[in-house]
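Hi everyone, thanks for making time this morning. Could you pull up the sequence and the model so that we can look at them together?

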Amino acid sequence: MIAAPAAVPDVLPDPAAPILLRSDDGGVATLTLNRPEARNALSMALMNALQEQLDAIRQDPGVRVVILRGAGPAFCAGHDLKEMRADPSRAATEAVFRTCARLMLSLTRLPQPVIARVHGIATAAGCQLVATCDLAICAESARFATPGVQIGLFCSTPMVALSRAVSRKAALEMLLVGEPIEAAEALRIGLVNRVVPEAELDAAVGALAVRIAGKARRVLAIGKEAFGRQIEMGLEEAYGYTAEVMTRNMMMADAQEGIDAFLGKRPPRWEP
């Protein structure tokens, strides 16, 4: 969860700008990390702001999909090292990682699917964000890394999300070497769903979000929760659990409407 060494900022900070932006359109909530001068490093304030929005979105029936993106030249460069070094006490350090862990769990447990829109760098906790999101689309120029090993602090918490998103050997290579991988390699190992030219990134992410947002809200929530739970189970337990999930789903009005619409060769009319 350590950021890559910071480059010289090419974006001047705006002290009046909010550190997190939210916009909603057609069932899609877009959250923008807005610390471009710091490559959207996850300060405590930014993590708390993101947590607050996720808590609000969880209770918002109008939101079907969430897009997570970064302002400026990067997606997210990890934790704010300057902030961490300003108070290197154990209590402050524990608070940072505890807050981050809660944030990642909230993303995983959010009923709405979350799409990461990635450009520039996604390093350390930024790479963890990408791995934690349900889906990810990145620009061809995007780079991903878990570089903590290079500065003496292994990326142990990013490892949790990374090792669940890609193969064991791919995750260990990223963690043990600590060097950036390119977008094409991120696609090959399964860290992202697709890679597009930077000019097409917004359109690609938006199109995917709209396709998902057109589905029944409760069914999306059931599916996301079931996916996360069954993947941690053994085979027999997973089949028993998902059979029960499908039975409950089949009893819902959404399933009955969807099947009737399919049989009647008409578009379904989902309940709000």
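I'll go through the domains, the two sheets, the cores and then a few single residues.

First, some housekeeping. This is a predicted model, so please keep in mind that local features need pLDDT of at least 70, side-chain atom pairs count only at pLDDT 80 or more, and totals for chains, interfaces and linings use all residues. Residues are numbered from 1 along each chain as its sequence is written, and side-chain values use heavy atoms, with hydrogens and water left out.

Let's begin with the domains. The protein splits into domain 1 (20–214) and domain 2 (217–264), with bounds that come from an automatic or database domain assignment. Taken over C-alpha atoms, their centres are 27 Å apart. Domain 1 puts 13 residues into the contact and domain 2 puts in five, where contact means heavy atoms within 4.5 Å. How much area do domain 1 and domain 2 bury between them? About 660 Å², with 57% of it on carbon and sulfur atoms. Buried area here is the accessible area (1.4 Å probe) that two parts lose on being put together, summed over both. On the domain 1 side, Pro61, Arg64 and Pro111 are worth finding on your screens: they supply 51% of the area that domain 1 buries against domain 2, more than any other three residues.

Now the sheets. Helices (H or I, at least four residues) and strands (E, at least two) are DSSP runs, numbered from the N terminus, and two strands pair if DSSP finds at least two bridges between them. One open sheet has six strands in the order 1-2-3-4-6-9, and its pairing is mixed. Strand 1 and strand 9 (194–196) are at its edges, each with a single partner strand, so one side of each has no neighbour in the sheet. From one strand to the next, the twist averages 20°; axes are lines fitted to C-alpha atoms, for helices over the stretch in contact, and angles run from 0 to 180 degrees between N-to-C directions.

Within that order, strand 1 (residues 20–25) pairs with strand 2 in the antiparallel sense over six bridges, and Arg22 has Leu31 in strand 2 as its bridge partner. Their hairpin has two residues between the strands, and Gly26 there takes a positive phi near 60°. Strand 4 (residues 114–118) and strand 6 (residues 135–139) run parallel, joined by four bridges. Val118 has Cys138 as its bridge partner in strand 6.

The other open sheet has three strands in the order 5-7-8, again with mixed pairing. Strand 5 (121–123) and strand 8 (181–182) are the edge strands. Strand 7 (residues 143–145) pairs with strand 8 in the antiparallel sense over two bridges, and Phe144 stands opposite Ile181. Helix 4 (residues 125–132) lies across strand 5 and strand 7, at about 95° to strand 5.

Phe144 takes us to the inside of the protein. A nonpolar core is a set of buried Ala, Val, Leu, Ile, Met, Phe, Trp, Tyr and Cys residues joined through side-chain atoms within 4.5 Å. Buried means under 20% relative accessible area, exposed over 50%, and partly exposed in between (1.4 Å probe, protein chains only). The largest core has 52 residues, and Val118, Val130 and Phe144 are among those with the most contacts inside it. Helix 1 (residues 44–58) gives this core its largest share, six residues. Not counting residues up to four places away in sequence, Val130 touches Phe75, Val118, Phe144 and Leu191, among others.

Finally, two residues with an unusual backbone.

Most residues other than glycine have a negative phi. Which values do we find at Asn40 and Lys265? Asn40 has a positive phi of about 60°, and Lys265 has one near 55°. Asn40 is in the loop between strand 2 (28–33) and helix 1, and counts as buried because its relative accessibility is 0%. Lys265 follows helix 11 (253–263) and counts as exposed, because its relative accessibility is 80%. One last neighbour: Asn34 is found in that loop between strand 2 and helix 1 too, and its contacts include Asn40 and Ala71.

Thanks, everyone, and I'm happy to take questions.
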